[in-house]
Amino acid sequence: PPSFMTTPPVTQPDFQQHLSVDALKSWEALAYGMFIHYSMNTYQDVDHAHGDSPPADFNPQNVDCVQWARVAREAGMTYAVLTAKHDSGFCLWPSQHTDYHVGHSPWQRDIVADYVEAFRQEGVKPGLYYCCWDEHTKLGSMMPSNVKDDGTFDYRDVYATEPYMEYVWNQLDELVTGYGPLVEIWIDIPIILPPHFRKKLYDHLASRQPEMLIVTNNGMQDPPGLLPYYSWPTDVYTIEKAQPRTSFSDPNHHRVYQQDYYLPTEVCDHVGENYWFCVKDDQPKSDHELLGMYLLNRARGSNYLLNVGPSAEGTIPDRFVGALQRLRANLDRLEVK
């Protein structure tokens with residue numbers, strides 16, 4: 001990788017989208033996807049992990065990626081995004097750049113490989129999620145958990161060291177070169193990485209997979225709005241657990257650093273009431289709420305990435321499968337695509 005420099009030489013990276021508007025609109029036509037939060041967090045029964053659990057704690061009975069894929073297809077989903085690495089730092093693939101991965105757990109199998117194979121077999125396009133917030137491998141970086149939350153917390157206080165940027169670069173390179181074509185690579189908490197590095201990373205990932213969308217998460221904003229310092233560059237304007245704006249005739253046109261870009265919108269939310277990961281007491285949202293959320297997002301031109309967390313056993317629980325099936329039945333009844 002190039003020399004990254006910890007002090008950005010520019011604040012407004014010179015940026016050109018690597019995909020055409022037609023290609024972006026083809027991705028929009030996918031409409032409905034499955035977000036899959038599954039990692040060490042699942043075995044701590046929490047959404048945010050501390051990165052200190054040994055690999056032996058990741059001990060599922062049966063990681064059934066075929067079941068995940070069938071649930072997604074039967075729900076009407078056309079693409080999926082799996083958390084290859086979340087904030088615990090635990091990797092669902094045997095990364096060459098850390099020992100904190102599934103290969104050193106009792107399960108041992110490469111879950112990313114099993115996932116992409118199963119979803120392709122079911123005709124659901126696979127994508128991968130990578131979190132820049134890493135509680136296990138910090139390499140001197142300032143992670144959100146290291147910043148005192150005294151009411152003055154600002155994500156702009158976090159930063160990545162040069163060794164950590166190289167670590168991120170190498171791991172993302174493994175993911176986009178080792179598992180065949182991906183519909184998207186979904187990068188969370190991108191603000192840890194400086195803008196000039198994010199630009200170089202974007203260009204590198206685009207060179208590896210020219211047809212893949214590169215998504216840097218804009219996070220939860222109220223009211224929603226693209227935050228370039230936080231998430232630029234990106235191919236998609238993401239919104240967490242909120243609704244897309246209605247103030248524009250075409251909400252997917254954005255002006256960033258005095259340039260106009262076409263950025264499709266993707267809203268992610270979870271099928272459960274409170275959590276991204278499968279937490280034992282979490283129950284599905286009501287059928288009415290799930291239907292209403294889907295219809296509102298699609299009416300406002302947003303792709304809908306609905307999260308389902310597999311259980312500690314390694315399968316999607318019946319209560320969430322049932323909620324997705326009822327949502328599909330309600331959409332079929334209304335003849336909604």
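**Pockets and cavities in the predicted model**

The lining of the largest cavity is made up of eight nonpolar residues, one polar residue and one charged residue. The model is a predicted one. The space inside this largest cavity is about 50 Å³. Its lining consists of I187, P190, L193, R198, L201, Y202, L205, I214, T216 and P233. Two elements, α6 (195-208) and β5 (213-216), each give two or more residues to this lining. Helix α6 supplies the largest share, with four residues. The charged residue is R198, and the polar residue is T216.

In total, two cavities of 30 Å³ or more were counted. The second largest has a volume of about 40 Å³. Its lining is formed by 13 residues, and G272, Y275, D282, G309 and F320 are the closest to its centre. By class, eight of the lining residues are nonpolar, four are polar and one is charged.

The model also has pockets to consider. The largest pocket holds about 490 Å³ of space. A set of 27 residues lines this pocket. Those nearest its centre are H48, Y155, I189, M220 and E240. Four elements give two or more residues to the lining: β3 (125-131), β4 (184-188), α7 (228-231) and β9 (265-270). The pocket lining comprises 13 nonpolar, eight polar and six charged residues. Among the residues nearest the pocket centre, E240 counts as charged, H48 counts as polar, and Y155, I189 and M220 count as nonpolar.

Methods: Residues are numbered from 1 along each chain as its sequence is written. This is a predicted model: local features need pLDDT of at least 70, side-chain atom pairs count only at pLDDT 80 or more; totals for chains, interfaces and linings use all residues. Side-chain values use heavy atoms; hydrogens and water are left out. On a 1 Å grid over the protein atoms alone, a cavity is a set of points where a 1.4 Å probe fits but cannot get out, and a pocket is an open set with protein on both sides within 12 Å along at least five of seven lines; lining residues have an atom within 4 Å of a point. Grid points are joined across faces, edges and corners, and a volume is the space filled by probe spheres set on the points.
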